[in-house]
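Me: I should like to understand the terms used to describe a protein model. Please set each value against its definition and then conclude.

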Amino acid sequence: MVLSDRTIREEIDKGRIVIQPLGEGCVQPASVDLHLGRNILVFQNNRVPYVDVRKPNDRLTEMITVGDDDPFMLHPGEFVLGITLEHVEVPDDLVARLEGKSSLGRIGLLIHSTAGYVDPGWRGNLTLELSNVSNLPITLYHRMKIGQISFLRLTTPAERLYGSAELGSKYQGQQVPTPSRIHLDFDPK
């Protein structure tokens, strides 16, 4: 069951859902608007010849900090990692879905490829997988509405929350766009 605006506000008031900062008018009929944070990870394709998923790729990306009124230009076919301005926390009996804003989708901006699912127990800012599938550059601005998060109630509270030691959660507590940590899934040799 998807939570309505009334239930979202009740859960926020109880401190069970955390969205900070929560902007005025951001609670929509069944979601909450999220904004683009200041940091963007740009891929530096000239530094590595390919991505080896078994190894850390520290040289693959470079962090860019966007000024208040400075546009970040996302070119056609380009893929970068952004971050939500908001810190989000999800309780043990809810999951969340991150989706793009339809107005941005209509100009070719996608905000996630596969990372639209937010597990129970999540705490942190959400990394955005930003892609421009249009034929023209798209400007991105710090604090612009970038997506929306909706919440669904589980049949029972989750037994093992995201971030628990036995799950090996890789991104709990992130505050900046975090590059892939897929290499941690492979056994050390």
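Reply: Two strands pair if DSSP finds at least two bridges between them. Strands β2 and β12 have 4 bridges, in the antiparallel sense. One of these places Leu 34 opposite its bridge partner Gly 147 in β12.

Me: What kind of model is this, and which pLDDT do local features need?

Reply: The model is predicted: local features need pLDDT of at least 70, side-chain atom pairs count only at pLDDT 80 or more, and totals for chains, interfaces and linings use all residues. Residues are numbered from 1 along each chain as its sequence is written, and side-chain values use heavy atoms, with hydrogens and water left out.

Me: How many helices and strands are there in the protein?

Reply: Helices (H or I, at least four residues) and strands (E, at least two) are DSSP runs, numbered from the N terminus. By that definition the protein has 2 helices and 12 strands. Their order from the N terminus is α-β-β-β-β-β-β-β-α-β-β-β-β-β.

Me: Why is the protein called as compact as a globular protein of its length?

Reply: The radius of gyration is taken over C-alpha atoms, and the globule rule is 2.2 Å times the number of residues to the power 0.38. For 189 residues the rule gives 16 Å; the protein has 17 Å, which is close to that value, so it is as compact as a globular protein of that length. The C-alpha trace spans about 50 × 45 × 25 Å along its principal axes.

Me: Why is Met 144 called buried or exposed?

Reply: Buried means under 20% relative accessible area, exposed over 50%, and partly exposed in between (1.4 Å probe, protein chains only). Met 144 has a relative accessible area of 17%, and therefore it is buried. Of the 189 residues of the protein, 42% count as buried.

Me: Which residues does Met 144 touch, not counting those up to four places away in sequence?

Reply: Contact means heavy atoms within 4.5 Å. On that basis Met 144 touches Leu 34, His 35, Leu 36, Leu 104 and Thr 139. His 35 is 109 residues away along the chain, yet the two C-alpha atoms are separated by 5.3 Å. Met 144 itself lies in the loop between β11 (138-140) and β12 (145-153).

Me: What makes β2 and β9 edge strands?

Reply: The order β2-β12-β7-β9 describes an open sheet of 4 strands with antiparallel pairing. β2 (32-35) and β9 (117-118) each have a single partner strand, so one side of each is left without a neighbour in the sheet.

Me: How do you know that strand β3 is mostly covered?

Reply: In β3 (residues 39-43), 4 of the 5 residues are buried. Strand β3 pairs in the antiparallel sense with β4 (residues 61-65) over 5 bridges, and Phe 43 stands opposite Thr 61 there. With β6 (residues 79-89), β3 shares 2 bridges, also antiparallel; Leu 41 faces Leu 81 in that strand.

Me: What makes the bond between Gln 20 and Pro 21, and the phi of Arg 143, worth pointing out?

Reply: Most residues other than glycine have a negative phi, and most peptide bonds are trans. The bond joining Gln 20 and Pro 21 is cis, with omega about -5 degrees. Pro 21 is in the loop between β1 (18-20) and β2. Arg 143 has a positive phi, near 80 degrees, and is found in the loop between β11 and β12.
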